[in-house]
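Welcome! Here is a short round of questions and answers to help you find your way around a new structure.

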Amino acid sequence: MLLGLSTILRTPDAVLPFEASLDLSDLKFGSSYPVSEPVQAVGSVRNTAGVLILRANIRTVLHGSCDRCAVDFSREVSYDVEAVLTRELENEDEADEWTFLLENDHADLDDILTTAFVLNMDSKLLCKPDCKGLCFRCGKNLNDGACDCRPESDPRWAVLGQLLKDKE
Ligand SMILES: [Zn+2]
Ligand SMILES: [Zn+2]
């Protein structure tokens, strides 16, 4: 979706609200496609002293299999994003991933919101941010409670092991 900005480009403090829906169902993350539901974005572009600032909230429900505990999950994610829209870059150093060029006074919302969504995604697909994962010994899902395995890093066992080794 292209958002025409000519009405606010030359008017300080002018605001243009927008709503958009993105289809990112073919966005591959690891080996899965977790964005099977539309991504909804609500926001506005404001002319702040001649600089166009886009602010938006983007949200969707992810569906996937947790990278840590392997449980299938659905989880709502919501990100607040802010980006700078500019007609030209004054120098290359200004360019960062949150600066977008306008084309003929239009902002390419699909491109901007897709980039913002991907930049905000976690590097792993987790059922919840603090997923405890599985015990690597017995395989119990530690989100359901601790297991009975002895902690691997009990320092007494390391000392004992060292003593036995010295005897050999
Ligand atoms: Zn998990
Ligand atoms: Zn265990």
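## Getting to know the fold

Q: In S3, which residue is the bridge partner of Pro 17?
A: This is a predicted model, and a good place to start is the pairing of S2 with S3. Strand S2 (residues 15–22) runs antiparallel to S3, and the two share eight bridges. Within that pairing, the S3 residue that bridges to Pro 17 is Ser 44.

Q: And in S4, which residue is the bridge partner of Ser 44?
A: S3 also pairs with strand S4 (residues 51–65), in the antiparallel sense and over nine bridges. On that side, Ser 44 has as its bridge partner Arg 55.

Q: Which residue takes a positive phi in the hairpin of S3 and S4?
A: The hairpin of S3 and S4 has two residues between the strands. One residue of this hairpin has a phi near 50 degrees, and that residue is Ala 49.

Q: What is the order of the strands in the open sheet?
A: The sheet is open, has five strands and shows mixed pairing. Its edge strands are S2 and strand S6 (99–101), each of which pairs on one side only. From one strand to the next, the twist averages 30 degrees. The full order is S2-S3-S4-S5-S6.

Q: Along strand S3, which residues point to the face where the side chains are buried?
A: The side chains of S3 (residues 39–48) alternate between two faces. Gln 40, Val 42, Ser 44, Arg 46 and Thr 48 point to one face and are not buried. The residues that point to the other face, and are buried, are Val 39, Ala 41, Gly 43, Val 45 and Asn 47.

Q: Is Leu 52 buried or exposed?
A: Leu 52 is found in strand S4, where it is the bridge partner of Asn 47. Not counting residues up to four places away in sequence, Leu 52 touches Leu 5, Val 45, Asn 47 and Leu 85. A residue needs 20 or more other C-beta atoms within 10 Å to count as buried. Leu 52 has 21 of them, so its status is buried.

Q: How many Å separate the C-alpha atoms of Leu 52 and Pro 12?
A: Along the chain, Leu 52 and Pro 12 are 40 residues apart. In space, the separation of their C-alpha atoms is 9.5 Å.

Q: How does Ile 53 count, given its C-beta neighbours inside 10 Å?
A: Ile 53 has its place in strand S4. Leaving aside neighbours within four places in sequence, its contacts are Arg 46, Thr 48, Glu 82 and Val 84. A residue is in the middle class when its count falls between 12 or fewer (exposed) and 20 or more (buried). Ile 53 has 15 such neighbours, so it counts as partly exposed.

Q: Where is Asp 13 found?
A: Asp 13 has a positive phi near 70 degrees, in a residue other than glycine. With 9 other C-beta atoms within 10 Å, Asp 13 is exposed. Its place is in the loop between helix H1 (6–9) and S2.

Q: What is the phi of Asp 105?
A: Asp 105 is found in the loop between S6 and strand S7 (106–108). Asp 105 is partly exposed, with 15 other C-beta atoms within 10 Å. Although Asp 105 is not a glycine, its phi is positive, at about 65 degrees.

Q: Which pattern does the protein follow along the sequence?
A: The secondary structure comes to three helices and seven strands. Read along the sequence, they give the pattern β-α-β-β-β-β-β-β-α-α.

Q: What is the radius of gyration of the protein?
A: For 168 residues the globule rule gives 15 Å. The protein is well over that, so it is more spread out than a compact globule. Its C-alpha trace spans about 85 × 35 × 25 Å along the principal axes. The radius of gyration is 24 Å.

Q: How far apart are the C-alpha centres of domain 1 and domain 2?
A: The domain assignment gives domain 1 (2–131) and domain 2 (136–168). The distance between their C-alpha centres is 45 Å.

Q: What percentage of the residues of the protein count as buried?
A: The protein has 168 residues, and each can be judged by its C-beta neighbours. The share that counts as buried is 16%.

Methods
Residues are numbered from 1 along each chain as its sequence is written. Chains are lettered from A and ligands numbered from 1 in the order in which they are written. This is a predicted model: local features need pLDDT of at least 70, side-chain atom pairs count only at pLDDT 80 or more; totals for chains, interfaces and linings use all residues. Domain bounds come from an automatic or database domain assignment. Helices (H or I, at least four residues) and strands (E, at least two) are DSSP runs, numbered from the N terminus. Two strands pair if DSSP finds at least two bridges between them. Axes are lines fitted to C-alpha atoms, for helices over the stretch in contact, and angles run from 0 to 180 degrees between N-to-C directions. The radius of gyration is taken over C-alpha atoms; the globule rule is 2.2 Å times the number of residues to the power 0.38. Two residues are in contact if their C-beta atoms, placed from the backbone, lie within 7 Å.
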